[in-house]
Amino acid sequence: MKRFRTRAVHVGSHPDPTTGAHVSPVYRTSTFSYGNFERGRRMFAGEEPGYVYSRIGNPTVRVFEEKVASLEGAEDAVAFASGMAAISAVAFTFLHPGDELVFLGPLYGGTEGLFFEVLTRFGVEVRDASGLPPAEWLSAKTRLLYVETPTNPTLRINDLALVGRLGRERGVLTVADNTFATPYLTRPLEHGVDLVLHSATKYLGGHGDTLGGVVAGPAEAMAELRAHGLRHVGGALGPEDAFLLMRGVKTLPLRMEAHCNGAEAVAAFLEQHPAVARVYYPGLPSHPDHELAARQMDRYGGMVALELTGGERAAQRFLDGLELFTQAVSLGDVESLATHPASTTHELLPAEVLERQGITPGLVRLSVGIEDPRDLIEDIEQALAPME
Ligand SMILES: Cc1ncc(COP(=O)(O)O)c(C=O)c1O
């Protein structure tokens, strides 16, 4: 098998069979001719492979799916219109009324919203097991164990090998959201987790210009996911978006190295700055999960969070003083982004949850882009200057 960087470029990409186009073209079509009655019958019966309708499969989307499957070390992958479409497709495919869904978070807010506000209406019981000892994670009713790592915004690390082992022992489907790490830094299936998924909107696309989602895992589970979660729920990825995502994946290894270089430099700078009370970066020995991160991740990613000694007022002055970092939610773009979780992404959470998760008024989250780290540090330094 070829190495990661080579696979990111080549897997799934073939010269177009009709024109020889070197780069996989955008197949902008909703339906596909099957030519004659007998071929149509055979294709719909699953006796002959091929494309029939773009909600179920499309050649441009397929290039992206094959790349992600290869990079995650999975047999197959299914793409969706967004990360949330991917997560809801997993839930609608694999859960039934009476099943318990257990998660280790904190999770992305939209995911918790889907779990608590939508799935519970369909008879699924949802339980947050974060902070409990592993022996108490699963119950007799648990059907799915869902985990995010690193988590948002304080970048805690969940132990994927432990999750995979418990899932296997208890016959529970395990699912990891690998959006923050990407397969370049962590491959959950190697640790025994069953399914891995992404908001491809973030690092896989990498340029902040498209939405997408993807799930990878064993062929049988992916066939079920395509048949139900994609075909019947319908959150299909469009071919234009798939084109941008497959192009993004080609440079994922290069971008991730640059994101990691930048984040490491920014975290080290922040850690010695007097206006900064605390820095959250899994690559720092001061991070509570540093040892686990070192075992599970190849490097530590592009996300950094910092807590300012001056609380919300300092956070506001710092954010408004940044010039290279754009104040915006989302992450994983080539451009650096900065956000204040307590007043934006986590604004709806009750005070005790914010406190438990370390989301203080002085906490700022940085998505470190691929700019020259020296320019990013100079920008941070000038924005922190009024607080010294
Ligand atoms: C970790 C994580 N998972 C899932 C999602 C949802 O993805 P999307 O916005 O592509 O629907 C996000 C979005 O911010 C996220 O950060």
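A crossing of two helices is called right-handed if the near helix is turned clockwise from the far one by less than a right angle. In the predicted model described here, H4 passes H5 in just such a right-handed crossing.

It is convenient to begin with this pair. Helix H4 spans residues 83-94 and helix H5 spans residues 109-118, and their axes lie 10 Å apart at an angle of about 30°. Angles under 35 degrees count as roughly parallel, and H4 and H5 are therefore roughly parallel to each other. On the H4 side, the contact is made by Met84, Ile87 and Ser88, which meet Gly110, Thr111, Leu114 and Phe115 of H5. Sorted by class, the residues of this contact comprise four nonpolar and three polar ones, with no charged residue.

Helix H4 also has a second partner, helix H8 (residues 219-230), and here the axes come within 9 Å and cross at roughly 100°. Since angles of 65 to 115 degrees count as roughly perpendicular, H4 and H8 are therefore described as roughly perpendicular to each other. For this contact, H4 contributes Ala89, Val90, Thr93 and Phe94, while H8 contributes Ala221, Glu224, Leu225, His228 and Gly229. The contact of H4 with H8 divides into five nonpolar residues, three polar residues and one charged residue.

Further along the chain, helix H10 (residues 252-271) packs with helix H14 (residues 373-384), with an angle of about 30° and axes 9 Å apart. H10 and H14 are therefore roughly parallel to each other, and their crossing is right-handed. The residues of H10 that make the contact are Asn261, Gly262, Ala265, Val266, Phe269 and Leu270, and those of H14 are Pro373, Leu376, Ile377, Ile380, Glu381 and Leu384. Nine residues in the contact of H10 with H14 are nonpolar, two are polar and one is charged.

Attention now turns to the ligand, which is surrounded by 13 residues. The closest of them are Gly83, Asp177, Ser199, Thr201 and Lys202. Gly83 also belongs to the stretch assigned to H4, residues 83-94. Several side chains place polar atoms beside the ligand. For Asp177, a polar side-chain atom lies 2.7 Å from a nitrogen atom of the ligand. The side chain of Thr201 has an N or O atom 2.6 Å from an oxygen atom of the ligand, and for the side chain of Lys202 the corresponding distance from an N or O atom to a ligand oxygen atom is 2.8 Å.

Conventions. Residues are numbered from 1 along each chain as its sequence is written. This is a predicted model: local features need pLDDT of at least 70, side-chain atom pairs count only at pLDDT 80 or more; totals for chains, interfaces and linings use all residues. Side-chain values use heavy atoms; hydrogens and water are left out. Axes are lines fitted to C-alpha atoms, for helices over the stretch in contact, and angles run from 0 to 180 degrees between N-to-C directions. Helices (H or I, at least four residues) and strands (E, at least two) are DSSP runs, numbered from the N terminus. Angles under 35 degrees count as roughly parallel, over 145 as roughly antiparallel, 65 to 115 as roughly perpendicular and the rest as oblique. Contact means heavy atoms within 4.5 Å. Ala, Val, Leu, Ile, Met, Phe, Trp, Tyr, Cys and Pro count as nonpolar, Asp, Glu, Lys and Arg as charged, and the others, Gly among them, as polar. A residue is near a molecule or strand if one of its heavy atoms lies within 4 Å of it. A polar contact is a pair of N or O atoms within 3.5 Å; within protein, one must be able to donate a hydrogen and the other to accept it, and residues adjacent in sequence count only if both atoms are side-chain atoms.
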